[in-house]
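I opened my notebook to record what I looked up in one structure. The entries run from the whole chain down to single residues.

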Amino acid sequence: MAEQVRIAVVGPFSGPRSAWGELLRRSARQFTEPSLVWELHDDRGDAEWGVLRAGDVTDDGGYAAVIGHFNSAGAEGALPLYRRAGLPVVLPLATRPGLLAGSGGGALRWCPDDLGQLRAIAAAAAGHGLARLLVGHDDSDYGRHLAALFTALPAPPLALSALPSPWKPRAGDAVAVCGTHVGVAGVVRGLRRAGFDGRLFATDDCSVGEFAELVGTAGRDVHVTRLAGGPERRVEAAFTALAGALSGDPAARGERLLARIRAHADAAFTADGELDVSPGTDAGHGWEIRPVRPARPGTRGTGGAPAEVASFDVAVVGAGVVGSAVAAATAAAGARTALIDAGPAVPSATHWSGGIVRAYDPDPEMRALAVRSHQLLWGRSSGHARRYGFRRTGSLVLLGPGDLPEAVRGVVELQAGGIEAELLTVEDIADRWPQLAAEHAAGAVWEPGGGCADPRLTTSEYRRQALTTGAQVLDDARVHGLEPHPLGALVRLDGSSVLAHSVVVAAGSGTPALLAERLPAGAGTAEPVTRRIRYGYFDRGGRALPALVDLVTGVWGRPMPEEPGAGTLLVGRPVDEWGVPPGGGTQLTPEQVEYVRDGASTVWPWLREARCLGGRHGTDLYRKDGPLLGVVPGEPWTVVAACWSGGGFKTAPAAAESAAEKVLANLRRQGRISA
């Protein structure tokens with residue numbers, strides 16, 4: 001096994017700003033990779049503590065990179081230390097203007113700066129016809145600094161001025177409050193007690209769920225500035241790029257690592273490492289203003305009473321790729337949508353997916369979904385598909401003699417669907433890919449437009465779309481059951497519930513526990529069963545390889561999405577382990593590695609000597625009668641999208657489209673959304 005690579009994660013993991021540190025902690029769990037170790041360093045959200053933690057990191061001498069800080073002042077003091085140590089820094093949420101000016105590199109910032117959010121507040125106030133915007137703060141250093149920047153901005157036709165004390169509100173007034181989410185909540189409650197019932201704006205530190213809980217009923221007509229799509233998106237994108245860079249090249253350090261991070265990023269950067277938001281480059285990386293929403297179910301108000309049950313048009317249970325895509329579609333159609341994530345302790349099957357993308361499948365039902373998914377996403381322009389983590393490497397499916405008749409029909413269907421595909425002989429394979437061994441096969445289906453994707457980046461993009469169009473994501477809200485309700489369904493969570501008029505269950509291996517005997521009835525005779533999936537990462541020695549599935553031996557593999565010459569081949573082999581608990585991990589035993597190697601070297605002979613860089617194991621849900629995609633019998637009314645039997649990632653766009661169409665049709669019948 002390769003030596004583990006250590007990354008320092010610096011943020012507020014304790015203290016009043018720990019809600020922000022939780023975003024970093026969650027992604028550190030979610031983006032665990034073979035050979036990568038994320039080590040948390042608590043700076044308490046304090047500038048002085050941030051510099052102290054930077055000293056600890058640089059004194060250690062064993063880290064490849066740093067992700068954090070959240071506190072801009074702490075980052076400002078820490079960056080010179082990291083620069084001297086040659087440590088690349090990824091900044092997901094530090095927004096102070098000019099933070100990287102003149103630095104010449106060494107850090108990459110995934111967010112726009114505070115001047116953009118202040119202009120967004122001023123524009124929103126002017127757009128609501130307000131005449132005057134008064135700027136206050138929570139008396140923190142951060143709040144005072146931001147308020148000073150704000151009042152210095154030119155914002156015609158709006159009149160900007162500091163909030164006076166004492167102050168007598170007048171018609172047309174609005175107030176912007178700058179500061180930490182805890183401090184701003186206190187100021188907002190105080191203004192409401194003093195009789196101000198006008199519009200309030202809060203700065204981006206308040207774009208965490210805890211703010212709604214802290215502000216309570218005073219949150220009426222309060223609007224919060226946040227990074228477009230939500231701060232979670234920026235954190236996930238930063239972790240995705242850093243993890244992708246180091247997974248593909250664990251030895252990369254310094255400038256070489258920075259270059260690889262840039263190559264894996266979902267954004268462009270200036271020479272200094274600032275997010276490039278110039279015209280034509282901004283792909284939704286700016287600021288947006290959103291109203292404060294009720295506290296998340298399961299939280300408690302400041303008085304200790306349980307939060308009220310939240311009501312939605314649709315609750316999507318399962319925040320993997322299918323669930324996130326369903327939530328994006330229903331929210332875009334105007335349905336009030338909750339996307340309920342079981343939490344990082346119970347990752348979805350998407351988290352462990354191999355990410356192979358192709359249109360051909362020997363099963364006609366899966367093939368139809370895969371063809372439609374190609375039309376919806378994978379076959380679109382390279383720039384569009386790349387946002388979802390897709391890379392075109394080509395896809396090769398090796399066939400046995402009994403597979404040939406269906407393959408002939410399948411190639412015709414793919415071509416009719418606008419997908420380039422051809423049937424190859426064993427001799428064709430040997431000519432095109434001499435590094436493969438296919439003598440045991442009878443032929444192959446070749447798709448030049450196939451390839452592979454980073455499943456978490458795909459999920460993150462769908463999740464971003466869902467958040468942008470108004471969906472609420474309920475993280476760490478474990479679902480315990482579904483119950484009929486006069487208005488639809490009651491989704492039971494930890495200590496609370498969500499009321500929804502329609503439910504979609506896309507919970508992977510957790511689906512049988514939620515729907516029990518409702519699954520087989522009317523949809524087949526075989527009960528779903530969990531199965532272990534296991535794969536390793538092997539050095540491919542610079543070989544240019546297609547994504548490959550071998551229907552004869554069952555092995556499969558695909559190149560990891562990184563630059564040529566320094567990548568790995570992800571290789572899987574079926575294991576006969578059934579009825580396993582949901583979940584997975586990032587460690588394989590030496591025996592498990594050799595099992596994968598022995599089977600896969602039938603197709604890739606050079607794997608016998610290739611270095612293994614780690615591996616993963618996860619769980620998928622299998623069903624003899626094929627996938628479940630549709631309304632299941634019984635109450636409450638529920639659409640299920642599950643039982644993909646190990647090959648569902650490629651069909652996720654079409655599966656989500658189908659599930660969303662059924663939900664939206666049900667809501668239209670109820671008159672809850674317009675036709």
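The entries below start with the chain, then take up one residue and one strand.

**Entry 1: the whole chain**

I noted first that this is a predicted model. I looked up the secondary structure and found 18 helices and 30 strands in the protein chain. Next I checked the radius of gyration, which is 26 Å. The globule rule gives 26 Å for 675 residues, so the chain is as compact as a globular protein of that length. I also took the box filled by the C-alpha atoms, and along the principal axes it is roughly 85 × 65 × 40 Å.

**Entry 2: contacts and surface**

I asked what share of the 675 residues counts as buried. The share is 58%. I then looked at contacts in the chain with a separation of 6 or more, and 73% of them are between residues 24 or more positions apart. For the accessible surface I wrote down about 25,300 Å², with 52% of it belonging to carbon and sulfur atoms.

**Entry 3: charges**

I looked up the charges and found 67 positive and 73 negative ones in the protein chain. I wrote down that the mean positions of these two sets are 4 Å apart.

**Entry 4: Glu236**

Where is Glu236 found? I located Glu236 in helix α8, which covers residues 231-248. Is Glu236 buried or exposed? Its relative accessible area is 7%, and the cut-off for buried is under 20%, so Glu236 is buried. I then listed its contacts, leaving aside neighbours within four places in sequence. Glu236 is in contact with Ser27, Gln30 and Phe31, and also with Ser460 and Arg463.

**Entry 5: strand β16**

I turned to strand β16, residues 395-399, and found that five of its five residues are buried. In a regular strand the side chains alternate between the two faces of the sheet. I therefore sorted the residues of β16 by side: Ser395, Val397 and Leu399 are on one, and Leu396 and Leu398 are on the other. Both faces of β16 are covered, because the residues on each side are all buried.

**Entry 6: partners of β16**

Which strands pair with β16? I found five bridges to strand β18, residues 443-447, and the two strands run antiparallel. In this pairing, Leu399 has Gly443 of β18 as its bridge partner. I also found four bridges between β16 and strand β25, residues 547-550, in the parallel sense. Here the bridge partner of Leu396 is Leu548 in β25.

Terms used
Residues are numbered from 1 along each chain as its sequence is written. This is a predicted model: local features need pLDDT of at least 70, side-chain atom pairs count only at pLDDT 80 or more; totals for chains, interfaces and linings use all residues. Side-chain values use heavy atoms; hydrogens and water are left out. The radius of gyration is taken over C-alpha atoms; the globule rule is 2.2 Å times the number of residues to the power 0.38. Buried means under 20% relative accessible area, exposed over 50%, partly exposed in between (1.4 Å probe, protein chains only). Contact means heavy atoms within 4.5 Å. Accessible areas come from the Shrake-Rupley method with a 1.4 Å probe; for residues, only the protein chains shown count as cover. Lys and Arg count as positive and Asp and Glu as negative; His and the chain ends are not counted. The place of a charge is taken as NZ of Lys, CZ of Arg, CG of Asp or CD of Glu. Two strands pair if DSSP finds at least two bridges between them.
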